[in-house]
Amino acid sequence: MSSIRMKTCAMTAAVAALFLSVPSHAETEPETTDPIVINGGELELPTVAPAPAHLEGVFDQIYSGWLFRDAATQAMQMDDFENPGMIFVDQGIDDWNTVEGKAGKSCASCHEDIESMKGVRAAMPKVNEAGDLWSMEDYINDCRTSRMQAEALEWDSDRMKNLTAAISVQSRGMPMDVAIDGLAEPYWEQGREMYYTRYGQLELACANCHEGHYGDWIRADHLSQGMTNGFPVYRLKQAALVSQHNRFRGCIRDTRGETFDMGSDEFRALELYVASRGNGLPVEGVSVRH
Amino acid sequence: MILDRRDVLAAGAASAVAGILPWAARAQEAEAAKAVDDLIAEFTGGAEVTEGDGITLDAPEIAENGNTVPISVEAEGASEILVLAPGNPVPPVATFTFGELVGKHMASTRIRLAKTQDITAIAKLADGKFVRTARNVKVTIGGCGG
Amino acid sequence: MADNVKPRVRVPKTAKAGEVITIKTLISHQMESGQRKDQDGNVIPRSIINHFSVSFNGTPVLDVKMEPAISTNPYFEFEVAVPESGEFLFTWKDDDGSVYEDRQSIEIS
């Protein structure tokens, strides 16, 4: 009896150690790093890239979250028809072309075909002319309120997610390349600070899971490196598009912590820092995760 | 649905320790089994159903998320295929009726599973006979809020 | 009519006579199962697409009776032997009485 109890204690201690410390080499590398072949070869998205310079000593390689999913979920992203996120891209394109607001304009009135948005997603979030860090949602709402004279959309509303999805898809395959220097630097520093700050009763920082334990089990699931190049994602659990800030909110909530609001300055800064960790991975939006 | 699954898994774990099913769970399972038998009888009109040959049911062994589980059924020459998820609060999933222009008598869709269970498919074949098959799908608890 | 219901259908543009083609369909729909509760603990009433059917030049191809266990944004894949040029008609029926339709033509070469 006592030997069993001792064993149990030792195991509990080991489990606790896994969660409370950040061993430098606890991560598990993906077995393969095959590209995501879309529509039978129309487009190939690499799933691995050399880590950006600012991650020197942290990661050698950065990986798409797609590698950490099971075959059925992976397959859904490999065909634009089977990818349920694409219906919302269609809805976003419809919205792009719909006139709304007192100015009698649609997005297309100024920007013409949505293909003109190619490259936008790869550089988001980005410091605007006034020196503020803006997410794509901010740019969309600025156009809506100032140029279209329409109401701003809620950050996590279906219409907003449909639009960000439709705009993201235009950059699919382009490497993520957010600016982190110059005016962006203080925001990036703020985001970096948050990434390594332990939140909640579980006292977990982003890094505890996504840097120290990617590839490892978390309950019946595998952790990824927490890259954001696939956002907005179609998440099978919600059977809906999920925005980056919603995912951040969920992660902090899961630490049993008070979370920040979607569309808060804190999450914009975190969005920039996390995006910069994925600089070099292709825009996958709209990806499929579970 | 998610709470349901957790409850069931928790109950399963408890019963594994105790070695028996708690009576409430046993009664519930008996009721579900009866409901499934009734549904099959309704589909077959009470005719005999044989196990196995002539029908295939594809589904993942482990579903990452019970909300979207891809499945596929096929039965050569079948006029109808009934799919049941006996472990769901509402066991019927879909009934496929094939017309004359169908290429293969197959269909794929995505379904919800409340918990780990044996999905069941019953086909009415061209000769009017019925065959059934089942496939176990383990529904896991996801990592983050899953 | 439920909000934002939009069908997507993939049918090849051309085929050979008698060729077996694969058709995929997807429609955006919440498929509210009737099993969920809202924040106040009240059951959210069932609201699903309960029926999907496909015909080709008026001849039935596939008919599906759908239950709440079909996932949000229902997806179907099936195969059809196409005898001649013509038009597919896809029909989804909603609990609320709405009917959503899509038509796709195919040329036989």
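How much area do chain B and chain C bury between them? Let's start there, hello everyone. They bury about 2,300 Å², and 56% of that lies on carbon and sulfur atoms. Before I go on, please keep in mind that this is a predicted model.

Let me stay with chain B and chain C for a moment. Their contact takes 27 residues from chain B and 29 residues from chain C. If you want to find the residues of chain B that lose the most area to chain C, look for L101(B), R110(B) and R112(B), which together account for 32% of what that side buries. The rule finds zero salt bridges across this interface, but it does find 16 residue pairs in polar contact, both partners at pLDDT 80 or more. And which elements of chain B give two or more residues to the side that touches chain C? They are strand 6, residues 92-98, and strand 7, residues 102-111. Strand 7 of chain B gives the most, with nine residues. Sorted by class, this side of chain B has 14 nonpolar, nine polar and four charged residues.

A quick word on chain C itself. It has zero helices and eight strands, so to speak a row of betas when you read along the sequence: β-β-β-β-β-β-β-β. Its C-alpha trace spans about 60 × 20 × 20 Å along the principal axes.

Now turn the structure to the place where chain C meets chain A. Here 15 residues of chain A are in contact with 14 residues of chain C. The two chains bury about 1,300 Å² between them, 54% of it on carbon and sulfur atoms. In chain A, the residues that lose the most area to chain C are F81(A), I87(A) and Q91(A), together 52% of what that side buries.

How many salt bridges are there between chain A and chain C? The count is five. One to look up on your screen joins the side chains of D79(A) and R10(C), at 3.1 Å from N to O. The rule also finds nine residue pairs in polar contact across this interface, again with both at pLDDT 80 or more. Helix 3 of chain A, residues 85-96, supplies the largest share of the side that touches chain C, namely six residues. By class, that side of chain A has seven nonpolar, three polar and five charged residues.

Let's follow helix 3 into chain A. Its axis and the axis of helix 6, residues 158-169, come within 7 Å and cross at roughly 95 degrees. That makes helix 3 of chain A roughly perpendicular to helix 6 of chain A. Among the residues of helix 3 that meet helix 6 are F88(A), I93(A) and W96(A), and the helix 6 side includes L163(A), A166(A) and V169(A). Q91(A), which we met as one of the residues losing the most area to chain C, is also among the helix 3 residues in this contact. By class, the contact has ten nonpolar, three polar and two charged residues.

Helix 6 has another partner, helix 5, residues 136-147 of chain A. These two pack at an angle of about 110 degrees, with their axes 10 Å apart, and are therefore roughly perpendicular to each other. On the helix 5 side you will find M136(A), I140(A) and R144(A), among others, and on the helix 6 side residues including M160(A) and I167(A). This contact has five nonpolar, three polar and three charged residues. Thanks for listening!

Notes:
Residues are numbered from 1 along each chain as its sequence is written. Chains are lettered from A and ligands numbered from 1 in the order in which they are written. This is a predicted model: local features need pLDDT of at least 70, side-chain atom pairs count only at pLDDT 80 or more; totals for chains, interfaces and linings use all residues. Side-chain values use heavy atoms; hydrogens and water are left out. Contact means heavy atoms within 4.5 Å. Buried area is the accessible area (1.4 Å probe) that two parts lose on being put together, summed over both. A salt bridge is a side-chain nitrogen of Lys or Arg within 4 Å of a carboxyl oxygen of Asp or Glu. A polar contact is a pair of N or O atoms within 3.5 Å; within protein, one must be able to donate a hydrogen and the other to accept it, and residues adjacent in sequence count only if both atoms are side-chain atoms. Helices (H or I, at least four residues) and strands (E, at least two) are DSSP runs, numbered from the N terminus. Ala, Val, Leu, Ile, Met, Phe, Trp, Tyr, Cys and Pro count as nonpolar, Asp, Glu, Lys and Arg as charged, and the others, Gly among them, as polar. Axes are lines fitted to C-alpha atoms, for helices over the stretch in contact, and angles run from 0 to 180 degrees between N-to-C directions. Angles under 35 degrees count as roughly parallel, over 145 as roughly antiparallel, 65 to 115 as roughly perpendicular and the rest as oblique.
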